[in-house]
Amino acid sequence: MSEQLQSDFDKLVKTSKFSNEEIQFKKNFLNNFIKKGFPNRKQEDWKFLDISQIIKKNISNLSYFNDYSQSNKIDPSIFVDGLEHNKIIFINGRIEKIDFNFEDQNKIEIIDETKKDISFDYENSLIDLNSAFTDKVFKILIKKNYSLKKPLIVYHSINDEIKSTNINLRLDFELGENSCLKLIDYFSNNTAKNFINIFYNFNLEKNSILKNYKIDKFINNNLKYSLNNIEQDNNSVSETFILSAGSDYFKNEINCNLNGEYSSAFINGIFSLKENQQHEIRTTINHLVENTKSYQLVKSVLGKNTKSAYQGRIFVNSKAQKTDGYQLSKAILLDETSEFNAKPELEIYADDVKCSHGSASGSLDENSIFYLMSRGLNYQQSKELLINGFLMDVVEKITDVEIKNLITNIIGLKQ
Amino acid sequence: MDTREKDIEKLKDYKYGFTTDIENIKAPKGLNEDVIKFISNIKKEPNWMLEFRLKAYERLKLLKEPNWQKPKYPKIDYQDLYYYSAPKSMKDKPKSLDELDPKLLETYKKLGIPLQEQARLNGIAVDAVFDSVSVATTFKGELTKHGIIFCSMSEAIQKHPDLVKKYLGTVIPVTDHFFATLNSAVFTDGSFVYIPEGVKCPMELSTYFRINASETGQFERTLIIADKGSYVSYLEGCTAPMRDENQLHAANVELIALDDAEIKYSTVQNWYPGDENGKGGIYNFVTKRGLCKGNNSKISWTQVETGSAITWKYPSCILKGDNSIGEFYSIAITNNHQKADTGTKMIHLGKNTKSKIISKGISAGFSDMTYRGLVDINSKAKNSSNYTQCDSLLMGNKCGAHTVPYIKNKNFDSNIAHEATTSKISEAQLHYCQQRGLNPEEAVGLIVNGFCKEVLQQLPMEFAVEAQKLVGISLEGSVG
């Protein structure tokens, strides 16, 4: 593997416009990755779904080189209809377009951050892989007191020109004081087998609001890993919604540091899995100061041969008195072959806190089905109605009405 | 008054901290084949037992000490320990209590466990284990009448080799984890219980463990077999003298319940927890595992963990028989610099199996407490269910309470429900109690006892009273 990595990295250096300094910087990450290799089940965070095995099984030979010097044609058919929005378009890991047409151009700044080091300690080797092979890294800065008028949609798409089987991409966001960003990640239905490695950094200053919606709906054979690292200052709010339904493998990881008082984090997730899919959500919420709040709700509906895992961790520092932390995961297993794993974890060092978690899993309630059938629905309809209600509960948590409607339609739920 | 700011007051003296001055026979220091042969030889064990030990030792050489647990401890030098220590007077086992060394009798009297049967009116049969050997078993005659075998492990190996051979190592095999395998190689004594078919044991059986000698580890092994349709309730208590050094206690407990049998196993663990600065104390690294082998069998663990510098154990149930039931009730209290990483494993293999976990953790002072549990429902375990509740109570902001449950559901007919909360004693509750004339300490005691009630009521009556007191003593000085 290391030879392939090395030679692909050399090709990348040859075709790109990186400065010498940047190349050296990337090289360090490459060496780190070669040393560590892909994470495997021996690491606690990867216990339930072993990514190195899954990659081995699905994509036997990973190749990493993508020619970032060549631009790709944008296919407008992938765009979301019925919602005016700003766009960032990634094709094969290359940013093809950044378009903030609906916004005041003076309030948004785009900064090259290719050389910016990772701001937190990590063991995760996928961050090394990402940092070694990404194209130029940009930071989107939203200035003080500015709320974006329209949501920003980031399109993740792949075309036939792709040379590698691994795509790495990264975006950084900084939300100035009192600013607001609604961000939708939209994954298109490309069926080739690639391993996509996404890394986002968010820095939320005082009173800012971030709403991030990740929509992976269309069935595709990709393997995806996504990491959001969120730093929050006083009074800031982050809301993350994850729809995990399309890819063969998808692991969403949220790492959220509540550094400022009265900051809060909300994470809501839906797994809706069909044949052979394996998905995971792993969250770490670090309550580091007083009066912070977090709320997590994850629901799974699991079909044939599927596996979902939820690892949620709430950490409360000894300074973080008056913390309010809540975590709930529920799963419906529809088939004999479906499997649900959970590890809801609390690590608490302060006494004046309110932390709880719950987890429940099982099959659809036969009594409820009987109730509905006795009122004239057939078995299939009753089942669908129950699942609809089960998932709608999570969608209801979305605070933006326009986006809530969009997501309800995308999932095909009835209100 | 801000209770949190106040320093933790000195814990009430550990009243079991005395040592008994008694002559000992020890095995040479260190862990090697000769020491194992020495142990086996001094106990006059048959050859198959020695082979069992050596097999475990061979395997142990390949194993590494696990280190995933939350409480870390300095490396233990296994070559610097005595693996066998016994009072000299026990070399030729006394035939009756009258022949027993009076010093030993005195020790147990101090501990509140008179071994003379006439003194025992409440009818609990006791097997007392002093360092490495079982010193006395009471009420033998009464038990023999029912065909119940209750004796020390060494005696069982001599007198009932068939039963021991058949069941020893079937739940915790020699190929298990590091500490369990260490125990298989060097275990010294422990209790053996066999309840024959259809017998309901007429009294509580109990073992009392005492570590006395210094620089020794205690490695006892307990094996309980409940044959078809039988019932037994078994209690275990532990104490140790106060010493500056850390002492290792790595026991193995195996329970086997056949068809329609029920085993109730209760522990009140009060090993020496170390002083208020965290010096000394027992490392309690115990492997406890029960196998519900037959259909409709039931195993229930109840534990009150107040002692030990580090408690690291997961009493588990393997629910193999159809319709079998596993239960786990636990109170774990840590104060000062104590650390605990405890919980349970419920492995559902048979159909219609049920398990219930109630865990209450209380941490005060500078202590750290972790609940770690596994609920695993296998794909064949149709229509199984589990309910887990783990609550933690924190006193002060220098301590920690953690919950790490692992939940694996591979069966769509089965239900798993898990709940956990962490909180502190609310000011309102304290105020209410104090207003009615209780002092703060009494008020905390009352609230904590209420918090633990679900578990305490699972204990047999005599133990429940003791445990309730213990809960109060363990927390003394944690509120100002």
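# A tour of the predicted model

The largest nonpolar core has 210 residues, and B:Val193 and B:Ile263 are the ones with the most contacts inside it. Keep in mind throughout that this is a predicted model.

**Stop 1: the core**

Select B:Val193. Leaving aside residues up to four places away in sequence, B:Val193 touches B:Ile149, B:Phe150, B:Leu205, B:Ile224, B:Ile225, B:Val232 and B:Tyr234. Another core lies apart from the one with 210 residues; this other core has five residues, among them B:Val126, B:Ala128, B:Val129 and B:Tyr208. In soluble globular proteins, nonpolar side chains tend to be buried together.

**Stop 2: chain B as a whole**

Now select chain B. Chain B holds ten helices and 25 strands. Of its 480 residues, 56% are buried. Take the contacts in chain B with a separation of 6 or more: 83% of them are between residues 24 or more positions apart.

Colour chain B by pLDDT. The average is 82, and 82% of the residues score at least 70. Over residues 1-12 of chain B the pLDDT is below 50, and this stretch has 22 contacts in the model beyond near neighbours in sequence. Residues 117-122 of chain B also stay under 50, with six contacts beyond four places in sequence. Where pLDDT is low, the predicted coordinates should not be read in detail. Among the elements of chain B, strand S4 (residues 133-137) has the lowest mean pLDDT, 64, while strand S20 (residues 345-348) has the highest, 95. For the model, the ipTM is 0.85 and the pTM is 0.86.

**Stop 3: helix H7 of chain B**

Select residues 178-186 of chain B, which form helix H7. How many of its nine residues are buried? Eight are, and the helix is mostly covered. The buried ones are B:Phe179, B:Ala180, B:Thr181, B:Leu182, B:Asn183, B:Ser184, B:Ala185 and B:Val186. To see what covers them, add these parts of chain B, which are included in the cover: helix H1 (33-42), helix H2 (47-62), strand S8 (221-226), strand S11 (252-257) and strand S14 (287-292).

**Stop 4: strand S22 of chain B**

Move to residues 368-377 of chain B, which form strand S22. Eight of the ten residues in S22(B) are buried, so the strand is largely enclosed by the rest of the structure. Next, show the strands that pair with S22(B):

- Strand S19 (residues 339-342) of chain B pairs with S22(B) in the parallel sense over four bridges. Here B:Ala340 stands opposite B:Met369.
- S20(B) runs parallel to S22(B), joined by four bridges. B:Lys345 has B:Leu374 in S22(B) as its bridge partner.
- S24(B) pairs with S22(B) in the parallel sense over ten bridges. B:Tyr371 stands opposite B:Thr403 in S24(B).

**Stop 5: where the chains meet**

Stay on S24(B) and bring chain A into view. Strand S24 covers residues 400-409 of chain B, and six bridges join it to S18(A). Do these two strands run parallel or antiparallel? They run antiparallel. One pair to pick out is A:Glu347, which stands opposite B:His402 in S24(B).

Widen the selection to the whole contact, which takes 31 residues from chain A and 31 residues from chain B. On the side of chain A that touches chain B, the elements giving two or more residues are strand S18 (339-348) and strand S19 (354-362) of chain A. S18(A) gives the most to this side, with ten residues. The residues on this side of chain A divide into twelve nonpolar, ten polar and nine charged.

**Stop 6: two buried residues in chain A**

Select A:Phe33, in helix H2 (residues 20-36) of chain A. Why does A:Phe33 count as buried? A:Phe33 counts as buried because 24 C-beta neighbours lie inside 10 Å, where the cut-off is 20 or more. Not counting residues up to four places away in sequence, A:Phe33 touches A:Ser125, A:Asp128, A:Leu129 and A:Ala132. From A:Phe33 to A:Asn86 is 53 residues in sequence and 35 Å in space, C-alpha to C-alpha.

Finish at A:Leu181, in strand S7 (residues 180-187) of chain A. A:Leu181 also counts as buried, with 23 C-beta neighbours inside 10 Å. Beyond residues up to four places away in sequence, A:Leu181 touches A:Ile142, A:Leu148, A:Leu152, A:Phe173, A:Leu175 and A:Leu210. A:Ile142 and A:Leu181 are 39 residues apart in sequence, and 8.1 Å apart in space, C-alpha to C-alpha.

Notes: Residues numbered from 1 in each chain as written. Chains lettered and ligands numbered in written order. Predicted model: local features only at pLDDT ≥ 70, side-chain atom pairs only at ≥ 80, totals over all residues. pLDDT = per-residue confidence, 0-100. Contact = placed C-beta atoms within 7 Å. Nonpolar A, V, L, I, M, F, W, Y, C, P; charged D, E, K, R; others polar. Pairing = 2+ DSSP bridges. Buried ≥ 20, exposed ≤ 12 C-beta atoms within 10 Å, placed from the backbone. Core = buried A, V, L, I, M, F, W, Y, C linked by C-beta atoms within 7 Å.
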